[in-house]
Amino acid sequence: MKRIYCFWIVCLYTLIACNRQDFVLVTGRIENGDSVVAIWVKDSVYTFPLDENYFFSGKIDLKKEMYASLMPNSVDLFLCPGEDIEIYTHRANMQGALVCKGSLGGINTYLKEQEMITFVNKDDYLLEEEKFVKKMEDIIEERIQLLRAKNFNKAFTQLEEQRIRFAVGEKAVFYPLYHKQFTADSAYRMGKALQDFLSSFPVSSEELFVTKTYRKFLLSYVYFQNRYFFINRRNYPDGVVDYILEHFQDKEIRDFLLSEVIYRYVWENNGLKGADYMLEVFRKECSDPGKLESVNEMLRRWERLEPGKEAPAFVLKDSRGRERMLAAYKGRYVYLMVWASWCMPCKKELPFLAELEKKYRGRDVCFLTVSIDGGQEGSSWEEVLKQEEYAGIHALWDENNDFRADYMVISIPRFILIDSEGRVLDANAPRPSGKRIYTCLDSCLKKTGGAN
């Protein structure tokens, strides 16, 4: 009887093991997480609800070993069918706090360690080009040898060797920029050694596409190629788009690159000006409905800030706790400066703002600074204002206020000019440290008479 019982136990475990060959078990805890945890695997995103204590569990259908990405921070993972992984981390620092256990714990702990390593530093960019390339090749070889010594499974080792190359390649792409910057060698021109090294990378790699490492390399490489080899385009941003169309046929990779180029351009330029050609190409070529909708939603929000549109209303608290609302400045131009106490470029603009305010004192224009310190950092903002009497009316944004979202504040310092009728004049206005803002304000006040 005992033999029969043991036989059935063995059969049961065999059946479970066989059934697990087409999926991976995923469990864990995301402290202070959202209501769900998302893992991107090839063409699918799997979501698992978090319980009241932030624990989750589920399975991911899988036919073969592959990389995955823990969203939204794009933390690289590696999954194998028939195996299990336990993921423990914190929402505020998903990469740094990551702990992986289970049968896939070793591989994924290794991936975390690799992500945290700084293998290229400032001194490397000081090297002459040929020595720099040799250093990059040595780093690749050293990291691959260390990988092989781990004796991970063959599938992971082969893919990881490629990922290592892309991780180093992404750093090498920046050599021309950083070498000039760190050595002040304005005469430097990229030579054959770096060109040959970067040309050796097979840029189209579907198996690695989900990894943050490969996507970072890919985007940097596209900008690099366009900057150094396709400089005769009608303008640089449009040239990047043309390069993508000419050199990438895979739809997923092309969709990613086109959408990222759009995001980067709009963010860096604080608006849509000059983006017509890129948007036309993106809408025509992008085959991913999700990316189309995401970009279109961003564009709709930016369109609300185009010249002539009614400026979003706001109510902010000033340094004395009084409410400052946009409607109160009707009949006057409003020059907004968005900044933070920890932002050095912002603080460098404040003395110039004082000069600007002094010149236009008594005219129909007011100067309002909005700090995005918010929350616990509000005290830092107050300390900065106590140290020196900066120009303008000073207000503070907090997380319960829509100002930052309404005005698409992504980078600082940011300057916004609103006309006397409460309409957006320029959502990316000139800085007070330049001359253009004086010309702009002179022109505006001339039209209205400019006197109180």
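# A guided tour of the chain, from a cis proline to helix 12

Begin by selecting P72, which sits in the loop that links strand 5 (66–71) with strand 6 (75–79). In this predicted model, the peptide bond leading from M71 into P72 is cis, its omega being near 5 degrees.

Before moving on, zoom out to the whole chain, whose C-alpha trace spans about 100 × 60 × 45 Å along its principal axes. The secondary structure comprises 16 helices and 15 strands, and of the 452 residues 46% count as buried. If you colour contacts by sequence separation, taking those between residues at least 6 apart in sequence, you will find that 64% of them join residues at least 24 apart.

**Helix 4**

Next select residues 129–149, which form helix 4. Its 21 residues should span 30 Å at 1.5 Å a residue, and the end C-alpha atoms lie 31 Å apart, which agrees with that expectation. Now show the side chains of E129, F132, V133, M136, I139, I140, R143, I144 and L147, which are the buried residues of helix 4. If you look down the axis of helix 4, these buried residues fall within an arc of 125 degrees, so they line one face of the helix. An α-helix has 3.6 residues a turn, so residues three or four places apart point the same way.

Turn to the face of helix 4 that points away from the buried side, and you will meet the exposed residues E130, K131, E142, L146 and A149. Returning to the buried side, display what covers it, which includes helix 2 (105–116), helix 3 (122–126), helix 5, helix 6 and helix 7.

**Helix 4 against helix 7**

Keep helix 4 on screen and add residues 192–199, which make up helix 7. How far apart are the axes of helix 4 and helix 7, and at what angle do the two pack? The axes are 8 Å apart and the packing angle is about 30 degrees, which makes helix 4 roughly parallel to helix 7. To see the contact itself, select E129, E130, F132, V133, M136, E137 and I140 on the helix 4 side, together with K192, A193, L194 and F197 on the helix 7 side. The residues of this contact divide into seven nonpolar, no polar and four charged.

**The loops around helices 5, 6 and 7**

Follow the chain out of helix 4 to N151, whose phi is positive, near 55 degrees. N151 belongs to the loop between helix 4 and helix 5 (154–172), and its relative accessibility of 67% is why it counts as exposed.

Continue to A184, in the loop between helix 6 (175–183) and helix 7. A184 is not a glycine, yet its phi has a positive value, near 60 degrees, and at 64% relative accessibility A184 counts as exposed. M190 also lies in the loop between helix 6 and helix 7; is M190 buried or exposed? M190 counts as buried, with a relative accessibility of 14%. Draw a distance from the C-alpha of M190 to that of Y175, and it should read 9.0 Å for a pair that is 15 residues apart in sequence.

**R332 and what it touches**

Now select R332, which is found in the loop between strand 10 (323–325) and strand 11 (333–339) and which, at 31% relative accessibility, counts as partly exposed. Leaving aside residues up to four places away in sequence, R332 touches R363, D364, V365, C366, I418, D419 and S420. E421 is 89 residues from R332 in sequence, while the C-alpha atoms of R332 and E421 are 7.7 Å apart in space.

**P413 and helix 12**

Go on to P413, in the loop between helix 15 (403–406) and strand 14, where a cis peptide bond with omega of about 0 degrees joins I412 and P413.

From there, finish at helix 12 (residues 289–303), whose 15 residues reach 20 Å from the first C-alpha to the last, close to the 21 Å expected at 1.5 Å a residue. Which residues of helix 12 are buried? They are V295, N296, M298, L299 and W302, and they cover an arc of only 160 degrees around the axis, which puts them on the same side of helix 12. As a last selection, show helix 10 (251–269), helix 11 (276–285) and strand 14 (414–418), which are among the elements that cover these buried residues.

Key
Residues are numbered from 1 along each chain as its sequence is written. This is a predicted model: local features need pLDDT of at least 70, side-chain atom pairs count only at pLDDT 80 or more; totals for chains, interfaces and linings use all residues. Side-chain values use heavy atoms; hydrogens and water are left out. Axes are lines fitted to C-alpha atoms, for helices over the stretch in contact, and angles run from 0 to 180 degrees between N-to-C directions. Helices (H or I, at least four residues) and strands (E, at least two) are DSSP runs, numbered from the N terminus. Angles under 35 degrees count as roughly parallel, over 145 as roughly antiparallel, 65 to 115 as roughly perpendicular and the rest as oblique. Contact means heavy atoms within 4.5 Å. Ala, Val, Leu, Ile, Met, Phe, Trp, Tyr, Cys and Pro count as nonpolar, Asp, Glu, Lys and Arg as charged, and the others, Gly among them, as polar. The expected span of a helix is 1.5 Å times one less than its number of residues. Buried means under 20% relative accessible area, exposed over 50%, partly exposed in between (1.4 Å probe, protein chains only). The arc is that of the directions from the helix axis to the C-beta atoms.
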